[in-house]
Amino acid sequence: MESTIEALEFNQIREYLANSAESEAGREILSVIKPSSSIEWVRSELKRVDEVRRFFDRGGSIASGGLKDLRSILKKSAVRSSVLSIDDLLSLLEHLRVHSRIRKTLNRERETLPAVYRLTSTLQPISSLEDQLARTITPEATIRDDATPELARLRKAAVMQLNLMRSKLTAMLPRLIKQGVLREQSFSVRDGRYVLPVRSDSLPKVKGIIHDRSASGGTLFVEPAIMITLGNELRSIELAERDEVRRILLQLSDKVRDNLDVIQENLRVMTVLDCICAKAGFAVKIDAYVPDITENGVIKILGGCHPLLLLRDQRKVVPLTLELGVDFTTLVISGPNSGGKSVALKCIGLLCLMTACGIPIPALPGTSIPLFKTIQADIGDQQSIRDDLSTFTAHAAKLKEIVETANHNTLVLIDEIGAGTDPQEGSSLSIAALEELTSKGVPTIVTTHHGALKAFAHSTEKCANGSMEFNLKTFEPTFRFQPNMPGSSYALAIASRVGLSDKLIERAKDVLGADHTRVEDLIVSLTEKVQHYESLLVDEDKQARSTKALEDAYREKIERLKTREKEFKHKAREEIEDLIKEARRTVEAVVKEIRENQADKDSILKAHEQVEKLKDIVKEKTKRRRKKNIDKITSSDDLKTKSKGKKKKISSSERKNQPTELYGKTPEIGDTVKLDESASTGEITAISSKGDKVCVAVGAVQLWVAKNRVTVMSGKVPDSNSGKSSVKMVTLPKKTDVPLELDIRGYTVEEALIEVDKYIYDGRAQGRTKLGIIHGKGTGALTHAVREALGKHTLVESFRFGEHGEGDFGVTVVSLKD
């Protein structure tokens, strides 16, 4: 398979995965990863990788950083009585700590990562070894003083001996300086012994051992005789400390040997987990998902993308939808140069290889990929100077190998079959090879420019044509695959486009012959018709989506109107009940007064006046309440499109002049208000010159809204002595940093909805009418949540999925209300 892996450029995917691994062992495995033919392993591996991918999508993390390569250390520790170094033991300690963190994560996430948890069930804790190493070794790769009582005693004794030696040397310095014996008033260490810098001509004045001399020879470094015994005692302590350290290291090494099998098994499992995490990270990067693994040999790719192109620029990749193995096993793809035939061929091969390696693929749910025992690919120039092979000879040799070895469990991919030689002979040889492969039921996909192969695919059972679309208006390839339709090379059309004379073009058509020209013209005509009907379908789909969006909007507005009307009626009923209670209390008071005054003429007249006054109050409040309810309903956006019934219509000019009051208060700069169309609140920062609009700051967003569409929640206390308040004019700058598209991939649903809401308000503030939201295809949860929120948003007119070139189902295009 290595030649196929090289031809399909799978090595680049290997390299990306290897660079994503945390451990050296993981990098080595992924750098040579090969496809498996075990359907059980592939399904299990894809399930594990998909679990981790979903976990990463939710913001989870498996802390595998810091995995050390312990293989050489474990090999050394396997030797009996061997002693591991402090650095080796520190590496092992760091590995055990990572192992503990991973076990905690997997135990906590066992419900969300069941397949991964089962795989790692053999991970065993080695807490005693980890604790002993942590108590013994410092992060600076030294043995702790308190590792053992004996080591603590020896190190304390060494410090005391050093202090004694330094104090004696310090005491000697003044006398020797005064005698002119020393070069400088200091001492140093040579070969672990404390020495004095003595002048060469003063050596007889100092008894001791010479350990070194200066480059000039003028200074001798002498250990005084009085220090020799003290130095020997210090050296004896240091040797005892060294032996104690070695004994501690041997004890720890024996502990490692006792747990060697468990450590090796844990290392194996953690390396496998590292590879799974690298695959899952790659899947997140290219927005990949798990395909269905079939055993019937049928390839069904829905919206598949070339993974290497996605790594470069996801927005420029055109998805591929293709099926092979149901009605036909041989597919002949034709079309113009640079139209995407080779890319489509490599894309199919890579998706099959990735699936067999347990790597999710960049294709839509519903994609199904079978496991092939082998994939035979002949793509690119196989010319070899060393083997004395021309291009055609190399292709012919590869074709021989394919025809002789391929079977129904082999996927055959051949680019430009029959090229590099005489067209007629190349076509004849290709047809013979395809007949053989088709008769054996070998899944085969080839690309070609030969008309004879297109005719063969059209007339032969179990064979089919396909082509890469070419835009006849722009004379550019669209890179879209068209099933069941041969494609033209458009050589003469392109030549004419670049300026070749009509005379040459006509002569070329004569040379080709009338039959060939008619076939090419037929293909071009069919292509034009297909493109025309597709454009009609796209327009019809757009119209249908627009109509549905309007229907949904009207339905929502009607429901909102009904809800608001119920609220107003309920509030009005409560106010009327309060008025009735008040009236009853007044009447009762009047009756009481009449009885107390024994119904004299004045009291009866006064009672009549109070009752009449109460009737006027009730009538006025009821009238004002009804008018206020009508004003609120008709001023909402719900009645912009529908205001039928007995409700009173109020013109926009009348609505502007109506003050919005809460407890007798008109909105002013600095007031905190609530927007009637939403639950958002903000502060009034400016008022228009006409006084009919206010600017409300909602977070970082500045919104201009009609004054009668805000409700004052709190504000400045009116000053009765201040008279009329002046209106302050403020001009706010428009936001200029709203991006064309908002990328929310990787966000949680809650985070995404907050960002989307802010993005819509920012876009409205900037005067934008169209926005793009990139949510990816994923599990669909984020897409569903975003589109549900858009359907309820008061500033959204309509929304749709992206079209070809806009991101397809991974992008939603939003149209804002005017």
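**Notebook: a predicted chain, from overview to single residues**

I started with the overall count and found 24 helices and 23 strands in the protein chain. I note here that I am working with a predicted model. Next I looked up burial: of the 818 residues in the protein chain, 41% are buried. I also checked how far apart in sequence the contacts reach. Among contacts with a separation of 6 or more, 67% join residues 24 or more positions apart.

**Entry: helix 6 and helix 10**

I reminded myself that a packed helix pair is described by the angle between the axes and the distance between them. Helix 6 covers residues 86–108 and helix 10 covers residues 225–258; I read an angle of about 40 degrees, with the axes 11 Å apart. That angle makes helix 6 oblique to helix 10. I then looked at the handedness, and helix 6 passes helix 10 in a left-handed crossing.

Which residues meet here? On the helix 6 side I listed I86, L89 and L92, and on the helix 10 side L249, L252 and V256. I sorted the residues of this contact by character and got 6 nonpolar, no polar and no charged.

**Entry: H95**

I stayed with helix 6 for one more residue, since H95 lies in it. Is H95 buried or exposed? Its relative accessibility is 1%, so I put H95 down as buried. Setting aside neighbours within four places in sequence, I found H95 in contact with L67, K68, L70, L267 and M270.

**Entry: the nonpolar cores**

My next search was for the largest nonpolar core, which has 52 residues. F10 and L331 are the residues with the most contacts inside it. Which helix gives this core its largest share? I found that helix 13 (residues 341–356) does, with 9 residues.

I followed L331 outward, not counting residues up to four places away in sequence. L331 touches L322, L324, T444, I445, V446, A464, N465, G466 and F481. I also noted a second, separate core of 24 residues, which includes L92, L93, L133 and I248. L92 was already on my list, as one of the helix 6 residues in the contact with helix 10.

**Entry: D671**

My last stop was D671, which I located in the loop between helix 22 (652–657) and strand 15 (672–675). With a relative accessible area of 0%, D671 is buried. I then compared D671 with T711: they are 40 residues apart in sequence, and their C-alpha atoms are 9.8 Å apart in space.

Methods
Residues are numbered from 1 along each chain as its sequence is written. This is a predicted model: local features need pLDDT of at least 70, side-chain atom pairs count only at pLDDT 80 or more; totals for chains, interfaces and linings use all residues. Side-chain values use heavy atoms; hydrogens and water are left out. Axes are lines fitted to C-alpha atoms, for helices over the stretch in contact, and angles run from 0 to 180 degrees between N-to-C directions. Helices (H or I, at least four residues) and strands (E, at least two) are DSSP runs, numbered from the N terminus. Angles under 35 degrees count as roughly parallel, over 145 as roughly antiparallel, 65 to 115 as roughly perpendicular and the rest as oblique. A crossing is left-handed if the near helix is turned anticlockwise from the far one by less than a right angle, and right-handed if clockwise. Contact means heavy atoms within 4.5 Å. Ala, Val, Leu, Ile, Met, Phe, Trp, Tyr, Cys and Pro count as nonpolar, Asp, Glu, Lys and Arg as charged, and the others, Gly among them, as polar. A nonpolar core is a set of buried Ala, Val, Leu, Ile, Met, Phe, Trp, Tyr and Cys residues joined through side-chain atoms within 4.5 Å. Buried means under 20% relative accessible area, exposed over 50%, partly exposed in between (1.4 Å probe, protein chains only).
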